[in-house]
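Let's take a walk through this one together, beginning with the bound molecule and working outward. Have a look at the model first.

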Amino acid sequence: MRTPISVGNWKMHATNAEAEQLAESLAGLSEVDGVTTVVAPGFLQLARVAERLRSSGIEMAGQNMHFAATGAFTGEVSPRQLAEVASWVILGHSERRRYFCENDAALKSKIEAARVHGLHSILAIGERAEERQAGHTQVVLQRQLWGALEGLDIPEGFVVAYEPVWAIGSGMPATGEQAQDAAALIRAVLAELQGDAVATSARILYGGSVKAENIAEFAAQPDLDGALVGGASLDAEQFLAITRAIAGAKRA
Ligand code: PGA
């Protein structure tokens, strides 16, 4: 049995006051059983959101981090610093890859650093529109997984988020079938890389224009274990409905 996960990525949204208000309105999530719920506010809001959600059962994530434990890296956040306020970290989001030159070698160091500091990674991968159109989706996902994970010691229950770049923030989600095909491929590549125990226990999430209205299609897929939600996670009602739907579908 894999415990499903619902992750809200707040990206660069929300001031302190807005983040606190959003955190307050997530109170209903503590009643949802059978799902791990994680939110990733901006770094400056992490501590105060963590404080608000302390007894809620909702877990905290960073949206990125540096791989070094400490050092002269102006503007960066280290795993040692992040682990004081969060237990998760999103790594390899396509916005990091696209705008901030995140590459596989750095990602590998970050995944290893997360493990050393007791943080759970959420490794995000996904193809661009032109890569899908050219029939290269499988090759891209394979390359991203090998690049980030080869030679590492990945724990059981490791989390990979399949996020096709063309579906993120576009209002055009993948179909359930496309997401299931990608998730099955991810599980097969994990088996090659890390063995069957890691592959079968890994939690694979779908991300890209997930809403309360379409989550059922993804939650119903056998290889999908939850969602990484951007825009809709800024709306407490939406995020609550998405999280409930994931828990309900995976309990059934
Ligand atoms: P979206 O973002 O739900 O707004 O499409 C998903 C993500 O970037 O993780």
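Start at Ser-209, where a polar backbone atom sits 2.7 Å from an oxygen atom of the ligand. Keep in mind as you look around that this is a predicted model. Taken on its own, the ligand has 280 Å² of accessible area, and the protein covers 95% of that.

Ser-209 has company. Gly-231 also uses its backbone, with an N or O atom 2.8 Å from a ligand oxygen. His-93 brings in its side chain instead: an N or O atom there is 2.6 Å from an oxygen atom of the ligand. Zoom out a bit and you'll find 13 residues around the ligand, with Lys-11, His-93, Glu-163, Gly-169 and Ser-209 coming nearest. Sort that shell by class and you get seven polar residues, four nonpolar and two charged.

Now for the fold. Eight strands make a closed barrel, running in order from β1 through β2, β3, β4, β5, β6 and β7 to β8, and the pairing is parallel. From one strand to the next, the twist averages 25°.

For a sample of that pairing, pick out β4 (residues 88-91) and β5 (residues 120-125), which run parallel and are joined by four bridges. One of the partnerships to look for is Trp-88 with His-120 in β5. In general, strands of a sheet pair through backbone hydrogen bonds, either parallel or antiparallel.

Finally, the helices. Helix α7 (residues 137-149) lies across β5 and β6 (159-162), at about 150° to β5. Helix α8 (residues 176-194) lies across β5, β6 and β7 (203-207), and runs at about 145° to β6.

Notes
Residues numbered from 1 in each chain as written. Predicted model: local features only at pLDDT ≥ 70, side-chain atom pairs only at ≥ 80, totals over all residues. Heavy atoms only, no water. Pairing = 2+ DSSP bridges. Helix = DSSP H or I, 4+ residues; strand = E, 2+ residues; numbered from the N terminus. Axes fitted to C-alpha atoms, helices over the stretch in contact; angles between N-to-C directions. Contact = heavy atoms within 4.5 Å. Near = heavy atom within 4 Å. Polar contact = N/O pair within 3.5 Å; in protein donor to acceptor, adjacent residues only side chain to side chain. Areas by Shrake-Rupley, 256 points an atom, 1.4 Å probe, with all protein chains shown as cover. Nonpolar A, V, L, I, M, F, W, Y, C, P; charged D, E, K, R; others polar.
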